[in-house]
Amino acid sequence: MKIGFIGCGNMGSAMIRGILSSGLAAREDISAAARTQESQNRIREELGIGCASNEEVAASSDLLVLAVKPQVYENVISQIRTCVKDSVIIVSVAPGKSLAWLKDQFGRDLKIVRAMPNTPAIVGEGMSGLTPNESVTGEDLALVLRLFESFGKALSVPEHLLDVVTAVSGSSPAYVFLFLEAMADGAVALGMPRAQALRFAAQAVLGSAKMLLETGMHPGALKDMVCSPGGTTIEAVRVLEEKGFRSSVIEAELACARKARGM
């Protein structure tokens, strides 16, 4: 199976590294197209795969990942729509570009999967939501899921929830990094060196997420385990609630989903 990538920035590169490390494809079976010569050189040197034009990558691929910015999708698809095979599986990672819109842009029935990964794919801990169109078979979807699971976790969701995936997973690493930076700032204000503060904060978040996933407990129950009566933690939680912490996160996700739907 030949796998092609049009666009090979952070996300495309992370996906390729995951696929290669899992053994799902060999280097000679993966090719990529990138806009600048600098990017093409990086792809060859860092990933060890071939580079070609958009049209050449599209024509040679059995599975084609469109990993370019949403604003250039229409232009890229206009370049490649007559080049792709009838049997190709198209994987789109752009928010806001519906299956119906993608089908219309290609001008014919093709197997299309919308995907929303996130940047922790770079360290093999991504989370992706996938939505296939009616032309994608169960076997096709299982293949795409395996590819995405090579750099993290992946779940199939109905299309109307993909904008929610963008809000709760696709964009949320930025919220978490903001939270981590704020945690470190607080520790620095209390006298801890920044590098040490970031290490404490990051490991605390990593461990907390692992507890949630491995125990299956409700986050409220896990929170209560830390909050002793009259103790330090419940005092900190009281201040977070007073400052609208939960409401801020919820409103941020609602705004993110609205933006995704409008793209």
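These are my notebook entries on the sheet and a few residues of this predicted model.

**Sheet layout.** I started with the strand order. It is an open sheet of eight strands, β3-β2-β1-β4-β5-β6-β7-β8, and the pairing is mixed. I then checked the edges: β3 (50–51) and β8 (152–156) each have a single partner strand, so one side of each is left without a neighbour in the sheet.

**β1 and β4.** I looked up how these two sit together. Strand β1 (residues 3–6) and strand β4 (residues 63–66) are parallel, with four bridges. I picked I3 and found L63 as its bridge partner in β4.

**β4 to β5.** Next I moved one strand along. β4 pairs with β5 in the parallel sense, again through four bridges. V65 is the residue I found opposite V91 in β5. Following the chain, I went from β4 through α4 to β5, and this β-α-β crossover is right-handed. I also checked where that helix lies: α4 (residues 73–80) sits across β1, β4 and β5 (89–92), at about 150° to β4.

**Faces of β5.** Is β5 covered on one face or both? Both: I89 and V91 are buried on one side, and I90 and S92 are buried on the other. That fits the usual pattern, as side chains in a regular strand alternate between the two faces of the sheet.

**β5 to β6.** β5 and β6 run parallel and are joined by four bridges. The chain gets from β5 to β6 through helix α5 (residues 99–106), in a right-handed β-α-β crossover. For the register I noted two pairs: I89 has K111 as its bridge partner in β6, and S92 stands opposite R114. I wanted to know how enclosed β6 is, too. Five of the six residues in this strand (residues 111–116) are buried, so the rest of the structure largely encloses it.

**β6 and β7.** Here the sense is antiparallel: β6 pairs with strand β7 (residues 126–132) over four bridges. M116 has G129 as its bridge partner in β7.

**V165.** Last, I clicked on a helix residue. V165 belongs to helix α7 (residues 162–170). Is V165 buried or exposed? Its relative accessible area is 12%, and the cut-off for buried is under 20%, so V165 counts as buried. What does V165 touch, leaving aside neighbours within four places in sequence? I got M116, G129, V157 and G170. Two of those names were already in my notes, since M116 and G129 are the bridge partners in β6 and β7. I also checked V165 against A257: they are 92 residues apart in sequence, with 8.5 Å between their C-alpha atoms.

Note on methods
Residues numbered from 1 in each chain as written. Predicted model: local features only at pLDDT ≥ 70, side-chain atom pairs only at ≥ 80, totals over all residues. Heavy atoms only, no water. Pairing = 2+ DSSP bridges. Contact = heavy atoms within 4.5 Å. Axes fitted to C-alpha atoms, helices over the stretch in contact; angles between N-to-C directions. Buried < 20%, exposed > 50% of the residue type's maximum accessible area, 1.4 Å probe, protein only. Right-handed = clockwise from strand over helix to strand, strands pointing away.
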